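Visitor: I would like to learn how to read a ligand site in a model like this one. Could we go through it together?
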Amino acid sequence: MQELLCRLVAECRDACSSGGVASYIPELAKADPRMLGVSVLTTERTFFQGGDASFPFTMQSISKLISLALAIEELGEDHVFERVGMDPTADPFNSIMRLEMVRPHRPQNPLINAGALVILSLLPYRDSKTRIAVVLAWARRLLGNNAITVHEPTYISEKNTSDRNRSLAFFLRSVGSLKGDVEDLLDTYFRQCSMSVTTKELAFLGMVLALDGIDPFSGERLLRRATARVLRALMATCGLYDGSGEFAVRVGIPAKSGVGGGIVAAVPGRMGIGVFGPALDGKGNSVGGMAVLEHLSARGNLRVL
Ligand code: DON
């Protein structure tokens, strides 16, 4: 496996040149677009790695899985899906258009930016400080690393530049889809997006979801089976935004991407995978990461969709 992963990274590195790093968050624009790494966690509880597997990057949209899991576990599936839909969109992850056109003005799913903002607004915590403390605690458990923290420079960079997310949040409040202090809510969102990980933590998270919510090492139940299944279903249909359909055809594994270049993938009952490659396609998904997942899926016969 180790050898296969090193070979896949070497083969796929050239694919990175067709993409570009996220430039709308200045801190992310500093990344090296040729970086590429992968970690795999199998049922034998062994991690295998290739390339830049241990290089830290920020979770970005992958963090939406953490707060969604928290919201479903604490508030229940029915409550959560009264406030956000569960359908894919053919629009970019930060699109505002459909929010105004469709009634009720409810984000189409919890993995687009508007949906993630509504999810955070449902959590019953007083302010961003308390909210992010709980999100971080959940992230540490679901990522299998107690040392997970927020990468401050990325948080500040996004906070200073995110006019689009501000627009989404204020629009949502204006139509009653979101309540409370918008800046305080955005603060939690920027911090959760800036949680720093490596592919190893993503492989762990992928395995927790692959095992229907069980910690692969301790055997402890971290999420209800139903919660893990909801997350996997949303990953399969909405995890790569308007690229989800093509990814399902090419790779066939539930996955979630982030503009930091990470993708987490969960092969039910078998494997958790984390990939990292900061060069993105036009939809905000890692080109090198998708190439590695496509080859790994084909060679390991991992397709489930
Ligand atoms: O809100 C944003 O735009 C970023 N913090 C996260 C977006 C993202 O990761 C989209 N995923 N591919």
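Guide: Let us begin with a contact: an oxygen atom of the ligand lies 2.8 Å from an N or O atom in the side chain of Asn-165, where a polar contact is a pair of N or O atoms within 3.5 Å. This is a predicted model, in which local features need pLDDT of at least 70 and side-chain atom pairs count only at pLDDT 80 or more, while totals for chains, interfaces and linings use all residues. Residues are numbered from 1 along each chain as its sequence is written, and side-chain values use heavy atoms, with hydrogens and water left out.

Visitor: Which backbone atom lies 2.8 Å from an oxygen atom of the ligand?

Guide: That is a backbone N or O atom of Val-259. The protein covers 99% of the 340 Å² of accessible area that the ligand has on its own (Shrake-Rupley method, 1.4 Å probe).

Visitor: How many residues surround the ligand?

Guide: A residue is counted if one of its heavy atoms lies within 4 Å of the molecule; here 15 residues surround the ligand, and the closest are Tyr-24, Gln-60, Ser-61, Glu-158 and Tyr-189.

Visitor: Why does the ligand lie between the two domains?

Guide: Domain bounds come from an automatic or database domain assignment. Domain 1 (2-60 + 196-299) and domain 2 (61-193) both contribute residues to the shell around the ligand, so the ligand lies between them.

Visitor: And what is the polar contact of Tyr-241 with the ligand?

Guide: A polar side-chain atom of Tyr-241 is 3.4 Å from a nitrogen atom of the ligand.

Key: A polar contact is a pair of N or O atoms within 3.5 Å; within protein, one must be able to donate a hydrogen and the other to accept it, and residues adjacent in sequence count only if both atoms are side-chain atoms.
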